[in-house]
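Reader: Before I set up any calculation on this model, I would like a close look at a single part, the surroundings of the bound ligand. Please follow it with whatever can be said about a few other places in the fold.

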Amino acid sequence: LIPWPKVDFAKFGPIERREMSRIKKISGANLTRNAVMIPAVTNHDDADVTELEAFRLQLNKEHEKAGIKVTMLAFLIKACVAALKKFPEFNSSIDVEGGGDALIYKHYWNIGFAADTPNGLVVPVIKNADQKGILQISQETAELAKKAREGKLSPAEMSGATFTISSLGGIGGRYFTPIINAPEVAILGVCKARMEPVWDGQQFVPRLMLPLSLTWDHRVIDGAAAARFNAYLGQILADFRRVLL
Ligand code: CAO
C-alpha cells in the first residue's frame, strides 16, 4: 500500500486535535481488519412488514401497563434465528486455528446487536435467542442498550455472538453495507421501514417495506445462498407462521 497522505491541515485553517474514545480505538482496529481481510459482499432486499408492524403495535397496547415495549429489533432477532437454523453456514466460523480448511458450525444462536453510545459502537449479545420469546428479547435488548449507553456492559455481555444485526431503523436511511464482526461470517443491516406502493398482481397497494442489507463472507457463503437467506427472512417477517413449517 502507498503511504497515507500527509497534510498540514493548519495551513488551510484553524484546527483542533481530540483523542478518540477507548471504544473507537478498539473498534477501529477491528473494523479495519475485518474490512480488509474478509472478501465481503452485500445483498439488499426488502421485507413486507405491514402485518408485523400492526401486530407489534397491538402487542404494545396489550403490554402497556406492564411497561414492556415490543420492538422491531426483537422480531428481527427471532427471524434471523429461524434463517440461521435453515442456513447453518451463516451461523458458522472458519476454523482458522485448525488451518482454515474447515467450518465450525455452532449449535447455539447468540445474536449481537449494534448499539450506538456517546463513546462509540458496542455490540451486546442476546444469548440463546432461540430459547427466548419476543417479550423477553425486547426487555433484554432494552436493558443491554441502556447499559451500553451508560458504559456498564461487561465483556461477557459482549461476547459469544454467532451473528450480528445492525439496526439503523429508528434513525433512517435506505440501505448500507455493514462490516462483518469476525469471526462471524455474516451481518444484517436494517434501515427504516416506509410505506411504498407495491404491485399485488392487479394494482398498487400501500405496504410497509423494511430495507435489509446482508453482508456475507464469500469464503463461506455464496451469492445464491445469501439471496435465499434474505428471501427466507423476508417471508418470515411477512408472516411469522412460516417459522412453524
Ligand atoms: N423502521 C421504522 N421504524 C423503526 C424501525 C425500522 N426498522 N426500527 C425502529 N423503529 C422506530 C420504532 O418504532 C420507534 O419509534 P417510536 O419511538 O415512535 O416508538 C423508534 O424507531 C425507536 O425504536 P426502538 O425503541 O425499537 O429502538 P431501535 O431498535 O431503533 O434501537 C438500538 C435500538 C440499540 C438498535 C439503537 O439504539 C441503536 O443503537 N441503533 C444504532 C445502531 C448502529 O449504530 N448501527 C450502525 C453500526 S455500523 O456503524
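Author: What follows begins with the ligand and then turns to a hairpin and two single residues.

The model is predicted, so local features are described only at pLDDT of at least 70 and side-chain atom pairs only at pLDDT 80 or more, whereas totals for chains, interfaces and linings use all residues. Residues are numbered from 1 along each chain as its sequence is written, and side-chain values use heavy atoms, with hydrogens and water left out.

There are 19 residues around the ligand (a residue is near a molecule if one of its heavy atoms lies within 4 Å of it), and those that come nearest are Lys69, Asp116, Ser166, Cys191 and Ala193. By class, this shell has ten nonpolar, five polar and four charged residues, where Ala, Val, Leu, Ile, Met, Phe, Trp, Tyr, Cys and Pro count as nonpolar, Asp, Glu, Lys and Arg as charged, and the others, Gly among them, as polar. At least two residues of the shell come from each of the strands β5 (115-117) and β8 (163-167), strands being DSSP runs of E with at least two residues, numbered from the N terminus.

Among the polar contacts (pairs of N or O atoms within 3.5 Å), a polar backbone atom of Ala193 lies 2.8 Å from a nitrogen atom of the ligand, and for a polar backbone atom of Ser167 the distance to a ligand nitrogen is 3.2 Å. The side chain of Arg56 places an N or O atom 3.1 Å from an oxygen atom of the ligand. On its own the ligand has 980 Å² of accessible area, of which the protein covers 65%, as computed by the Shrake-Rupley method with a 1.4 Å probe.

Turning to the hairpin, strands β10 (residues 194-199) and β11 (residues 204-217) pair in the antiparallel sense over six bridges, pairing being assigned if DSSP finds at least two bridges between two strands. Met195 has Leu208 in β11 as its bridge partner, and among the four residues between the strands, Gly201 takes a positive phi near 105°.

Val41, found in strand β1 (residues 40-48), is in contact (heavy atoms within 4.5 Å) with Leu214, Thr215, Trp216 and His218, leaving aside neighbours within four places in sequence. The C-alpha atoms of Val41 and His218 are separated by 6.8 Å, although the two residues are 177 residues apart along the chain.

Thr141, finally, belongs to helix α4 (residues 134-149), and touches Thr71, Leu73, Ile77, Phe113 and Ile126, not counting residues up to four places away in sequence.

How values were computed:
A polar contact is a pair of N or O atoms within 3.5 Å; within protein, one must be able to donate a hydrogen and the other to accept it, and residues adjacent in sequence count only if both atoms are side-chain atoms.
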